[in-house]
Amino acid sequence: MASQFQYIAPGDVVIEGVPAAEMTICAATGRAVGRLRGFIVDATERHIRYVVVRGSGLFAKTTLLPFSMPRVDLHRRTIGADVSDQQLWQLRDFTRDAILA
């Protein structure tokens, strides 16, 4: 059975006239988590469920963060995710491959 989720590249998304490519994802604390690498969309409901985030640093990983109640700041080119530092730690191994399989 095919997955109900689809990956959408950030270059294919425009938010209020601004391309989503190269936006920074921030935690609820305001701390930068990493760069936006895409969106995971529920194709059935046509709703963004997760953002694909590439962390920063030498050993950075690409993970998924829930996309609930995002705060978009177009001037600063940031998307605020409603996740705490503890939730970030718990989601560290949640990858795009796991949900699109």
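## Exercises on a predicted model

Leaving aside neighbours within four places in sequence, Thr 63 is in contact with Val 51, Val 52, Val 53, Leu 91, Arg 92 and Phe 94. The exercises below start from this residue, and they concern a model that is predicted.

**Exercise 1.** Find the element that holds Thr 63, and decide whether Thr 63 is buried or exposed.

*Solution.* Begin with the chain itself, where Thr 63 is found in strand S7, which covers residues 62–66. Next take the relative accessible area of Thr 63, which is 12%. The cut-off for buried is under 20%, and therefore Thr 63, at 12%, counts as buried.

**Exercise 2.** Describe the largest pocket by its volume, by the residues closest to its centre, and by the make-up of its lining.

*Solution.* The volume comes to about 310 Å³. Of the 15 residues that line this pocket, the closest to its centre are Val 33, Lys 61, Thr 63, Leu 88 and Arg 92. Turning to the elements, strand S5 (32–42), strand S6 (47–55), S7 and helix H1 (85–90) each supply at least two residues of the lining. Sorted by character, the lining residues of the largest pocket divide into nine nonpolar, three polar and three charged.

**Exercise 3.** Work out which residues have the most contacts inside the largest nonpolar core, and which element gives the largest share of this core.

*Solution.* The largest nonpolar core has 19 residues, and those with the most contacts inside it are Ala 20, Ile 25, Leu 36, Phe 39, Val 51, Leu 65 and Ile 79. The elements that give two or more residues to this core are S5 and S6, and the largest share, four residues, comes from S5. Apart from this core lies another, of six residues, among them Phe 5, Ile 40, Val 52 and Leu 64.

**Exercise 4.** Classify the aromatic pair that Phe 39 and Phe 67 form, and state where in the chain each partner sits.

*Solution.* The count of aromatic pairs comes to three. For Phe 39 and Phe 67, the distance is 6.1 Å centre to centre, with 85° between the planes. Planes over 60 degrees apart count as edge-to-face, so the pair of Phe 39 and Phe 67 is edge-to-face. This pair links distant parts of the chain, 28 residues apart, with Phe 39 in strand S5 and Phe 67 in the loop between S7 and strand S8 (71–73). Phe 39 is buried, with a relative accessible area of 1%, and Phe 67 is buried as well, with a value of 19%. Finally, ring pairs link Phe 5, Tyr 50 and Phe 94 into a cluster.

Terms used: Residues are numbered from 1 along each chain as its sequence is written. This is a predicted model: local features need pLDDT of at least 70, side-chain atom pairs count only at pLDDT 80 or more; totals for chains, interfaces and linings use all residues. Side-chain values use heavy atoms; hydrogens and water are left out. Buried means under 20% relative accessible area, exposed over 50%, partly exposed in between (1.4 Å probe, protein chains only). Contact means heavy atoms within 4.5 Å. On a 1 Å grid over the protein atoms alone, a cavity is a set of points where a 1.4 Å probe fits but cannot get out, and a pocket is an open set with protein on both sides within 12 Å along at least five of seven lines; lining residues have an atom within 4 Å of a point. Grid points are joined across faces, edges and corners, and a volume is the space filled by probe spheres set on the points. Ala, Val, Leu, Ile, Met, Phe, Trp, Tyr, Cys and Pro count as nonpolar, Asp, Glu, Lys and Arg as charged, and the others, Gly among them, as polar. A nonpolar core is a set of buried Ala, Val, Leu, Ile, Met, Phe, Trp, Tyr and Cys residues joined through side-chain atoms within 4.5 Å. Rings of Phe, Tyr and Trp (its six-membered ring) pair if their centres lie within 6.5 Å; planes under 30 degrees apart count as stacked, over 60 as edge-to-face and the rest as tilted.
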